[in-house]
Amino acid sequence: MSVQEYLDKHMLSRKLEDAVNAAVRAKTPDPVLFISNHMKKSVQSVITKVKARQILDSRGIPTVEVDLHTNKGVFRASVPSGDSSGMYEAVELRDGDKGVYLGNGVAKAVKNINDKISEALVGMDPTLQSQIDQAMIDLDKTEKKGELGANAILAVSIAACKAGAAEKEVPLYRHIADLYGKVSPMLPVPAFTVISGGKHAGNNLAIQEIMILPTGANRFVEALQMGTETYHHLKAVITEKYGTHDCNVGESGGFAPNVSSFREALDLVKEAIRRAGYTDKIQIALDVAATNFCIGTRYDLDFKSPQKSGQNFLSAEDMVELYRELCNDFPIVSIEDPFDKEDWEHIKRFSSTGICQVVGDDLLMSNVKRIERAILEYACNALLLKINQVGTVTEVIEVVKQAKEAHWGVVTSHRCGETIDSFIADLSVGLSVGQIKAGAPCRGERLEKYIQLLRIEEELGDQAVYCGVDWKQ
């Protein structure tokens, strides 16, 4: 197409004339800038290029970053990755060459974006999120995105979502709310990781995380202050009892003291909350990740200690009783993955007690069919939402709708391998989920999510609503 044909097709002469007339009417002091901005708005945004690269996540393991170009700007996104992947979640494409990044490279996923996805999406309107996501799903042709890689598809999907918000000239969370069909953004309660264990830390604690929820705060900025102050008081408590060497942190930023029992760790957190002065305002959540220490039908609470492993086995019934006692003695309001991911019987039995919120992570893997089964069988009452287990923004929104229609809570979650992309903060606000789990109030890749929530609250001003006591919604 010649330049003249392009000008004629898009009626640029008429649009330029309209821009000049508008500048005259506005009596603008800078007509060139005014005309430039006017022309940008008059020309529909389209995707012109998608360029990907291999970067490193917070663990130093490769992941995918994308620059999505439109005729109005460049929009960047990167995807997190987990410690392990399950058979029910979307496929994270890795190269498998042990001589390069120990087999963890993502050159294949990057190539799929640069060679295949980019070609398929060029010319598409970035505001049409569902059409963009469907185009990639159709291009992949597999149930779990194993051909192109969910890490490739999700990075592009997030970048397109950012471009769509820019085209509409609205904040990202507003655009996400529009895609969802809601118009009432809400700031979630942060679940700050304060003690790390399980596979996320080198101590002997079997459970993966102990978190604190500032449900008694009135605003997110206050919740962040409460969580951070308690975190620092916890450091002092640990130092006094075990020494400074036990103040090292795990992958998500939680302290990793060499405690061995649930109760010993919870006593530390309870004391930190008391010292911070938030006894009635902060509650506790556990991520047990019980699949990691389930052997057959029993749970090895000393699985990380070779000298003691096998000496402290509990049956599923014993675990139920342990949870009852802990919830009675500590302000625990939420337990994630209290049993093995295939132990539907006991998680259903525990959920029926109504003792606390029961969150499905390994149990569900953000998989539509697993969630559907859990809803029908009343197996849990909250979803841990990991967007890389799903693969596209559109499908994430549908999963959240599925959970909310069942009156479940939703916890938007980071991964242990994180990037500085703050997308899940906007996602949480736009979808009005009540909880976000983004790690400790330390480490840049974790803080970026919390800081973005601060920015959003500031931007919303008097219209900002913090979930607080309504965190289960």
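Select Phe192 and Gly439: in this predicted model, Gly439 of strand E14 is the bridge partner of Phe192. Extend the selection to residues 435-439, the whole of E14. This strand is mostly covered, with 5 of its 5 residues buried. Now add strand E4, which runs parallel to E14 and is joined to it by 3 bridges.

Strand E13 can be added next. E13 and E14 also run parallel, again with 3 bridges between them. To find the register, pick Ser413, which stands opposite Lys437 in E14.

**From E13 into the loop that follows**

Keep E13 (409-413) on screen and move to Glu418, in the loop between E13 and helix H14. Is Glu418 buried or exposed? Its relative accessibility is 5%, below the 20% limit, so Glu418 counts as buried. Two polar contacts of its side chain are worth displaying. One goes to the backbone nitrogen of Arg415, at 3.1 Å. The other, at 2.8 Å, goes to the side chain of Lys449. Leaving aside residues up to four places away in sequence, Glu418 touches Asp57, Ser58, Pro80, Glu445, Arg446 and Lys449.

**Backwards to H13**

On the other side of E13, select His407, in the loop between helix H13 and E13. The phi of His407 is near 65°, a positive value in a residue other than glycine. Most residues other than glycine have a negative phi. With a relative accessible area of 73%, His407 is exposed.

His407 comes just after H13, so select residues 393-405 to show that helix. H13 has 13 residues and reaches 18 Å from its first C-alpha to its last, close to the 18 Å expected at 1.5 Å a residue. Color its buried residues: Val393, Val396, Ile397, Val399, Val400, Gln402, Ala403 and Lys404.

**H8 and its surroundings**

Go next to helix H8, residues 220-242. How far apart are the end C-alpha atoms of H8? They are 32 Å apart, which agrees with the 33 Å that its 23 residues should span at 1.5 Å a residue. The buried set in H8 consists of Phe220, Ala223, Leu224, Met226, Gly227, Thr230, Tyr231, Leu234, Val237, Ile238 and Tyr242. To see what these buried residues pack against, show strand E4 (189-196), strand E5 (209-213), helix H9 (262-276) and helix H15 (444-460). E4 is the strand already seen beside E14. Just after H8, Gly243 takes a positive phi of about 100°.

**The small sheet and Cys294**

Select strands E7, E8 and E9. They form an open sheet of 3 strands in the order E7-E8-E9, with antiparallel pairing. E7 (294-295) and E9 (313-315) stand at the edges; each has a single partner strand, so one side of each is left without a neighbour in the sheet. E7 pairs with E8 (residues 298-300) in the antiparallel sense over 2 bridges. For a marker within this pairing, take Ile295, which stands opposite Arg298 in E8.

Residue 294 in E7 is a cysteine, and the next stop is its sulfur. How many disulfides does the model have? The count comes to 0. Cys294 is in no disulfide, and the nearest cysteine sulfur, that of Cys380, is 17 Å away. Cys294 is buried, with a relative accessible area of 18%.

Move to Cys380, which is also buried, at 5% relative accessible area. The closest cysteine sulfur to that of Cys380 is in Cys356, at 12 Å, too far for a bond.

**Lys141**

Select Lys141, in the loop between helix H5 (129-140) and helix H6 (150-168). Lys141 has a phi near 70°, a positive value in a residue other than glycine. Lys141 is exposed, with a relative accessible area of 69%.

**Coloring by confidence**

Finally, color the chain by pLDDT. The chain averages 91, and 94% of the residues score at least 70. Which element has the lowest mean pLDDT, and which the highest? The lowest is helix H1 (residues 3-9), at 63, and the highest is H14 (residues 423-430), at 98. Where pLDDT is low, the predicted coordinates should not be read in detail.

Technical notes:
Residues are numbered from 1 along each chain as its sequence is written. This is a predicted model: local features need pLDDT of at least 70, side-chain atom pairs count only at pLDDT 80 or more; totals for chains, interfaces and linings use all residues. Side-chain values use heavy atoms; hydrogens and water are left out. Helices (H or I, at least four residues) and strands (E, at least two) are DSSP runs, numbered from the N terminus. The expected span of a helix is 1.5 Å times one less than its number of residues. Buried means under 20% relative accessible area, exposed over 50%, partly exposed in between (1.4 Å probe, protein chains only). pLDDT is the predictor's confidence in each residue, from 0 to 100. Contact means heavy atoms within 4.5 Å. A disulfide is a pair of cysteine sulfur atoms within 2.5 Å. A polar contact is a pair of N or O atoms within 3.5 Å; within protein, one must be able to donate a hydrogen and the other to accept it, and residues adjacent in sequence count only if both atoms are side-chain atoms. Two strands pair if DSSP finds at least two bridges between them.
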